[in-house]
Amino acid sequence: NRRDGKVYDLYEKAAMGSAPDRALLVSDVSKYATDLSRNGRWAVYESWSTSSNGDIWILDVDQPARRCRELGPAATDRQARLSANGRWLPYLTNPDGTPEIYVTDVQRAFEQAAALTAPGECAASTGVRVSPAGGAQPAWRGNSEELFYVAPDRQLMAVPIGQQPSLHPGAPVPLFRAAIWDPDGSSQTYVPAVDGQTFLILTPTRTTDATTVVLNWTRMLER
């Protein structure tokens, strides 16, 4: 929410709208919430500043001072999405200049954040790359056994995810090409159903620059 007209801050709002909004994090840099753990304790957000093109942070909703930077500042890290079991965190990063999708184990970061009394750094586990040739907008199937993302040619891709005892992603499979709006941006512009069989997709509005020429228009005045 941007309330001072300058930067975006994080607020908590009751679903019924009966309670006043609660400020979670107000600072001089913009930040955007990208996910919330199923138990409602941990918020995942990305922050932007003049010195950073995107860092991923986790924050304790009940005690916002307990927050740490999970990823950054070496590369642009964005679009983090928690798995349903709260263990895995896929995200977009570009260490070599090309946006790719990686997945990291976020459990150690949660444990470190829970012990903090002030903002700090979390030692992120090494991420596993799941996109072989570019990708953006990761999103989970409801059972956390399949991860979707958008390829550079706007193909929606599906990656089977094995999780025992560690993360073992399979080969990406193209599903279909979609007119997904802003595939490289911060916004999540598609949502898979829980079973991963259908998708709600935000698509761009069709526009045209065509010009219509009406001939002999004066005859219309005679009617």
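Here is a friendly exchange about the pockets, strands, disulfide and two threonines of this predicted model.

User: Let's start with the cysteines. How do you know that Cys68 and Cys122 form a disulfide?

Analyst: The cut-off is a pair of cysteine sulfur atoms within 2.5 Å. In this model the sulfur atoms of Cys68 and Cys122 are 1.6 Å apart, so the pair meets the definition of a disulfide. By this rule the count comes to one disulfide.

User: What makes the link of Cys68 and Cys122 left-handed or right-handed?

Analyst: The angle about the S-S bond is -75°, and the link is left-handed.

User: Why can we say that the pair ties parts of the chain together?

Analyst: Cys68 belongs to strand β6 (residues 67-71), while Cys122 sits in the loop between β10 (120-121) and β11, so the link joins parts that are 54 residues apart in sequence. As for their surroundings, both Cys68 and Cys122 are buried.

User: Thr104 and Thr76 are next on my list. Why is Thr104 called buried or exposed?

Analyst: Buried means under 20% relative accessible area. Thr104 has a relative accessible area of 0%, so Thr104 counts as buried. This residue is found in strand β9. Setting aside residues up to four places away in sequence, Thr104 touches Glu70, Arg87, Trp88, Leu89, Tyr91, Ser125, Thr126 and Gly127.

User: And which side of the cut-off does Thr76 fall on, buried or exposed?

Analyst: Thr76 has a relative accessible area of 13%, which is under 20%, so Thr76 is buried. Its place is in the loop between β6 and β7. Without counting neighbours within four places in sequence, Thr76 is in contact with Asn53, Gly54, Leu92, Thr93 and Asn94.

User: What makes β9 and β11 a pair?

Analyst: Two strands pair if there are at least two bridges between them. Two bridges join strand β9 (residues 100-105) to β11, so the requirement is met. The two strands run antiparallel, and Val103 stands opposite Val128 in β11.

User: Which strands belong to the sheet that holds β9 and β11, and in what order?

Analyst: Four strands form an open sheet in the order β7-β8-β9-β11, with antiparallel pairing. β7 (77-78) and β11 (128-129) are at the edges, each with a single partner strand, so one side of each has no neighbour in the sheet.

User: Why is β13 described as largely enclosed?

Analyst: Five of the five residues of strand β13 (residues 146-150) are buried, so the rest of the structure largely encloses this strand. Both faces are covered: Glu146, Phe148 and Val150 are buried on one side, and Leu147 and Tyr149 are buried on the other.

User: How do you know that β13 pairs with β12 and with β14?

Analyst: The threshold is at least two bridges. Three bridges join β12 to β13, and β13 pairs with strand β14 (residues 155-162) over five bridges. Both counts reach the threshold, so both are pairs. β12 and β13 run antiparallel, with Trp140 opposite Leu147 in β13. The pairing of β13 and β14 is also antiparallel, and the bridge partner of Glu146 in β14 is Pro160.

User: Which residues take a positive phi in these hairpins?

Analyst: The hairpin of β12 and β13 has five residues between the strands, and Ser144 takes a positive phi near 65°. The hairpin of β13 and β14 has four residues between the strands, and there Arg154 takes a positive phi near 70°.

User: Now the pockets. What is the volume of the largest pocket, and which residues are closest to its centre?

Analyst: The largest pocket has a volume of about 340 Å³. Of its 21 lining residues, Asp35, Arg38, Leu82, Ala139 and Trp140 are the closest to the centre. The elements giving two or more residues to this lining are β3 (30-36), β12 (136-140) and β17 (190-192). By type, the lining of the largest pocket divides into eleven nonpolar, six polar and four charged residues.

User: Which strand gives the largest share of the lining of the second largest pocket?

Analyst: That is β3, with five residues. The second largest pocket has a volume of about 220 Å³, and of the 15 residues that line it, the closest to its centre are Leu10, Tyr11, Glu12, Leu24 and Ala33. The lining of this pocket divides into nine nonpolar, one polar and five charged residues.

Notes: Residues are numbered from 1 along each chain as its sequence is written. This is a predicted model: local features need pLDDT of at least 70, side-chain atom pairs count only at pLDDT 80 or more; totals for chains, interfaces and linings use all residues. Side-chain values use heavy atoms; hydrogens and water are left out. On a 1 Å grid over the protein atoms alone, a cavity is a set of points where a 1.4 Å probe fits but cannot get out, and a pocket is an open set with protein on both sides within 12 Å along at least five of seven lines; lining residues have an atom within 4 Å of a point. Grid points are joined across faces, edges and corners, and a volume is the space filled by probe spheres set on the points. Ala, Val, Leu, Ile, Met, Phe, Trp, Tyr, Cys and Pro count as nonpolar, Asp, Glu, Lys and Arg as charged, and the others, Gly among them, as polar. Buried means under 20% relative accessible area, exposed over 50%, partly exposed in between (1.4 Å probe, protein chains only). Contact means heavy atoms within 4.5 Å.
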